[in-house]
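Please work through the exercises below with the sequence and the structure at hand, trying each task before reading its solution.

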Amino acid sequence: MTYAISAQGLAKNFGPVKAVKRVDLAVRPGEIYGFLGRNGAGKTTTIRMLLGLIRPNAGTVRLLGSSLREDRAGVLAKVGCLVESAAAYPNLTVRENLEIQRRLTRSPAAAVAEVMGLLKLEDFADRRAGRLSLGNKQRLSLARALLHRPKLLILDEPANGLDPAGIVEVRGLLRRLADEEGVTVFMSSHLLDEVEQLADRVGIVHEGVLVEEVDRAELRRGSRVAIEVAAEDAAAAGDALAAAGIQTLGLAPVAEDLESHFLRKTGGQS
């Protein structure tokens, strides 16, 4: 298989600090891959290495089957990205920002109107980017990433600044791009509920090491299952229920969700 993202042994040091110790990735074409980790775990550093924004101390990266070192311009022409925070030319309007991006990517003239429609930016087309709300700045950054119809999207916290309705809209957009157009989406996020609803696979990075890479279905099958008991006297519940004559009000299996699984894998609460 030609992976959309293939990385082996990625490592990056900043002086004495080992930001990324070892990350191996194999992201399949057309899937949505959730990249999770605590603050400082190495997520953004990994993303910057994937995009060639910083050079790794060790390891290799291939995007869409090609190496950035061999064909940087050709590879990046098929990649859309949003890294760390929303960015735009603040004194230019939304339309002008997108027109610059269109020219840089040599996209069709109709691309600007199309992507403004996708991200619901039509009402802000003539507003300066510096005067946009945080959520609309994020929409603009997503629009710039999508304008040239990339085959691979690499998104660092794509829902940052969006209101609940915006999060739902972007979730639906990313799902449609993956399902209908075969776009691969690699996204880091701290919104574990969103990742759980959207991602086909999840990778968890902890202290600079990829500690787990698992399909959503596998995650559900392999999750811990507990029995939740509701009783008049919860402290006395459990094995002694029948013997103690305690009236049971409820008894149900409870599967571990992604949040609990994530915390368990990264040294948090289990």
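**Exercise 1.** Identify the residues with the most contacts inside the largest nonpolar core.

Solution. The largest nonpolar core, meaning a set of buried Ala, Val, Leu, Ile, Met, Phe, Trp, Tyr and Cys residues joined through side-chain atoms within 4.5 Å, has 40 residues, and L98, L153 and L174 have the most contacts inside it. Helix α6 (residues 164–181) gives the most to this core, namely six residues, where helices are DSSP runs (H or I, at least four residues) and strands likewise (E, at least two), numbered from the N terminus. Apart from this core lies another, of 26 residues, including I47, L50, L63 and L152. The model is predicted, so that local features need pLDDT of at least 70 and side-chain atom pairs pLDDT 80 or more, whereas totals for chains, interfaces and linings use all residues. Residues are numbered from 1 along each chain as its sequence is written, and side-chain values use heavy atoms, with hydrogens and water left out.

**Exercise 2.** Decide whether S188 is buried or exposed, and list what S188 touches.

Solution. First, S188 is found in strand β8 (residues 184–188). Next, S188 counts as buried because its relative accessibility is 0%, the cut-offs being under 20% relative accessible area for buried, over 50% for exposed and partly exposed in between (1.4 Å probe, protein chains only). Finally, leaving out residues up to four places away in sequence, S188 touches F35, K43, I47, L155, D156, E157 and P158, contact meaning heavy atoms within 4.5 Å.
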